[in-house]
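Q: Hi! Could you walk me through this one? I have a few quick things to ask.

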Amino acid sequence: MISFLVNSILLGVGLAMDAFSVSIANGLNEPGMSRKKSCGIAGVYAAFQFLMPMTGWFCVHTIAEYFMAFQKFIPWIALLLLAYIGGKMLLEGIRNMRRGAEENEADTERDGQVLGMKLLLVQGIATSIDALSVGFTIADYSLLSAVGSSFIIGGVTFLICMLGLRFGRKFGEKLSDKAAIVGGLILIAIGIEIFVKGVF
């Protein structure tokens with residue numbers, strides 16, 4: 001039992017690192033983010049980190065051959081999604097810097113919530129897609145144990161992402177208009193890191 005808990009927590013910490021980095025980027029980009037929205041964002045990442053290992057577990061127990069063929073595309077998908085989101089954030093940050101501080105503040109007031117649900121879901125998929133492979137790690141677990149392990153992974157992800165968002169918001173206020181650029185670069189770097197790890 002203790003070994004199961006420790007393994008699940010360690011898996012959760014390892015898998016949550018990408019989501020943690022993206023959380024920092026989101027906090028940097030939106031320093032005025034409310035606690036409710038922070039919980040919502042962390043909750044979405046946690047939900048994906050719960051679903052992906054379970055999806056992997058089901059694939060191993062049903063369509064293992066097709067799942068193994070799909071695995072080679074995972075790093076490419078993560079790279080494309082994070083490069084797209086990061087590139088968009090980077091361009092917006094550069095554009096805002098050119099407009100000037102006053103216009104940038106006015107835009108922030110008009111836009112309100114910077115991170116929308118559509119973009120959040122894309123981030124959730126991009127940062128958790130490599131967790132599909134955890135299906136192999138927990139393949140010998142019973143359904144109940146697999147659900148329990150995935151639940152712990154999701155819980156660990158939630159806590160780590162809340163820390164990341166808080167950290168990002170704190171430094172986002174100091175970085176001001178450069179925050180979106182830093183956040184965009186972080187997302188692109190995560191995409192490259194997932195790709196390099198997955199391919200090489």
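Q: Where does methionine 1 lie?
A: Happy to help! This is a predicted model, and in it methionine 1 lies in the segment before H1.

Q: And is methionine 1 buried or exposed?
A: Methionine 1 counts as exposed because its relative accessibility is 74%, and the cut-off for exposed is over 50%.

Q: Which residues form a nonpolar patch on the surface with Met1?
A: Leu5, Ile9, Val13 and Met17 join Met1 there, and together they have about 460 Å² of accessible area.

Q: Now the inside. Which residues touch the most other members of the largest nonpolar core?
A: Those are Ile41, Tyr45, Leu82 and Leu187, in a core of 40 residues. Helices H1, H2, H4, H6, H8 and H9 each give two or more residues to this core. H2 provides the largest share, with 10 residues.

Q: What is leucine 187 in contact with, leaving aside neighbours within four places in sequence?
A: Its contacts are Val22, Ala25, Leu82, Ile85, Gly86, Met89 and Gln123.

Q: Which residues of H4 are buried?
A: There are several, including Leu82, Ile85, Gly86 and Met89.

Q: How far apart are the end C-alpha atoms of H4?
A: They are 38 Å apart, which agrees with the span expected for its 26 residues at 1.5 Å a residue.

Q: Switching again: where is threonine 157, and is it buried or exposed?
A: Threonine 157 sits in helix H8, and it counts as buried because its relative accessibility is 0%. Beyond neighbours within four places in sequence, threonine 157 contacts Gly12, Ala16, Ala19, Tyr45, Ala46 and Gln49.

Methods
Residues numbered from 1 in each chain as written. Predicted model: local features only at pLDDT ≥ 70, side-chain atom pairs only at ≥ 80, totals over all residues. Heavy atoms only, no water. Helix = DSSP H or I, 4+ residues; strand = E, 2+ residues; numbered from the N terminus. Expected span 1.5 Å × (residues − 1). Buried < 20%, exposed > 50% of the residue type's maximum accessible area, 1.4 Å probe, protein only. Core = buried A, V, L, I, M, F, W, Y, C linked by side-chain atoms within 4.5 Å. Contact = heavy atoms within 4.5 Å. Patch = residues over 30% accessible without salt bridge, like charges linked within 9 Å, V, L, I, M, F, W, Y side chains within 5 Å. Areas by Shrake-Rupley, 256 points an atom, 1.4 Å probe, with all protein chains shown as cover. Salt bridge = Lys/Arg side-chain N within 4 Å of Asp/Glu carboxyl O.
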